[in-house]
Amino acid sequence: MAADAGVGDAVTRPLSAPLRVTAVPPSREPLRLMAVHAHPDDESSKGAASMARYVAEGVEVMVVTCTGGERGEILNPKLADDPQILANLPAVRRAEMDRAREILGVQQEWLGFVDSGYLEDYKLADVDQLPDDCFARQPIDLAAAPLVRLMRSFRPHVVTTYDENGGYPHPDHIMCHLVSMRAYEATGSVDEFVGDGEPWQPSKLYYQLGFHKERFIVLHEATEAAGFKSPFKEWLDEWVDRPEDEGRVTTLVPCGEYFSVRDDALRAHATQVDADGFWFSVPLEVQQEAWPTEDFQLAHSHIATSLPEDDLFAGLR
């Protein structure tokens, strides 16, 4: 569950960029949230209900999508052999993203990099096995530059991204982490990325941590208690505990009433998600009762806060 600690314990890596511009909004200024994701569909499977809640509260939310998902497989078996989709997958995935954006009520921007494809158990040492033109093989500063420009123009108070493992070891997810961290640490500096906009320092950075063992155990037990077959049993049977994962969740955002919005946005990515498949096998009311939050780790903060939190904007309002 959430850690019982002060904000200093939440900092997971030193950040070199000095704080140049305050990010605490005056009362008349809307709060802004930027969620950085690797592919179209990631925004709908990771933190989507939280974003929908914040949009409903008047927060300005921007999703940044690093790649177009060009090398992703068609994971929905109902569409896997559709010749029109196979011939136009990049355009199809952009259209799906447009629909998901509308459902969530967010703004969305592309960084414009090419999907790296998937390698089983990917590690950074494996980068030479990836296609030459892909996102994960770009120099970090080159890949971070368009994200810095977006941060400086959108001026988010809070940024969410993936942890150092990418949430899971996909090349683009790990690169998304690296690029997000680089942009976050540099965007407030007058000495870095000169010419890429006026410096702006976000106040807080979070890792999206929805896929953690405690949540899966609770949902598994609640699903079976409600008389349904749990989709989590195999995951839990194969789970490998890592000491470094203990107590990482610091922030649980209540958003159960927006789970249906999340699911509608996820269904919009029809090439990736079967509407009758895994993602929708647990009834909403079971999820809302058993685990009505989306979960995050506060990775860095420039403002005072105390843990655990129930709001990504704790300390800002």
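## Cavities in a predicted model

The second largest cavity has a volume of about 60 Å³. The model is predicted. Work through the exercises with the structure open.

**Exercise 1.** Which residues line the second largest cavity, and which element gives the largest share of its lining?

*Solution.*
- Step 1: list the lining. Leu33, Ala35, His37, Lys46, Gly47, Ser50, Met51, Thr160, Gln208, Phe296 and Leu312 line the second largest cavity.
- Step 2: assign elements. Two or more residues come from each of β1 (32-37) and α2 (48-56).
- Step 3: find the largest share. β1 supplies it, with three residues.
- Step 4: sort by class. The lining of the second largest cavity holds five nonpolar, five polar and one charged residues.

**Exercise 2.** How many cavities of 30 Å³ or more does the structure hold, and how much space lies in the largest cavity?

*Solution.*
- Step 1: count. There are two cavities of 30 Å³ or more.
- Step 2: take the volume. The largest cavity encloses about 360 Å³.
- Step 3: locate its centre. Of 27 lining residues, Ser45, Arg215, Arg262, Trp279 and Gln287 are the closest to the centre of the largest cavity.

**Exercise 3.** Which elements give two or more residues to the lining of the largest cavity, and how does that lining divide by class?

*Solution.*
- Step 1: name the elements. They are α1 (42-45), α7 (213-225), α9 (259-267) and β7 (293-301).
- Step 2: pick the top contributor. α9 gives the most to the lining of the largest cavity, four residues.
- Step 3: sort by class. The lining of the largest cavity has 13 nonpolar, eight polar and six charged residues.

Methods: Residues numbered from 1 in each chain as written. Predicted model: local features only at pLDDT ≥ 70, side-chain atom pairs only at ≥ 80, totals over all residues. Heavy atoms only, no water. 1 Å grid on protein atoms, 1.4 Å probe; cavity = no way out; pocket = protein on both sides within 12 Å on 5 of 7 lines; lining within 4 Å. Points joined across faces, edges and corners; volume = space filled by probe spheres on them. Nonpolar A, V, L, I, M, F, W, Y, C, P; charged D, E, K, R; others polar.
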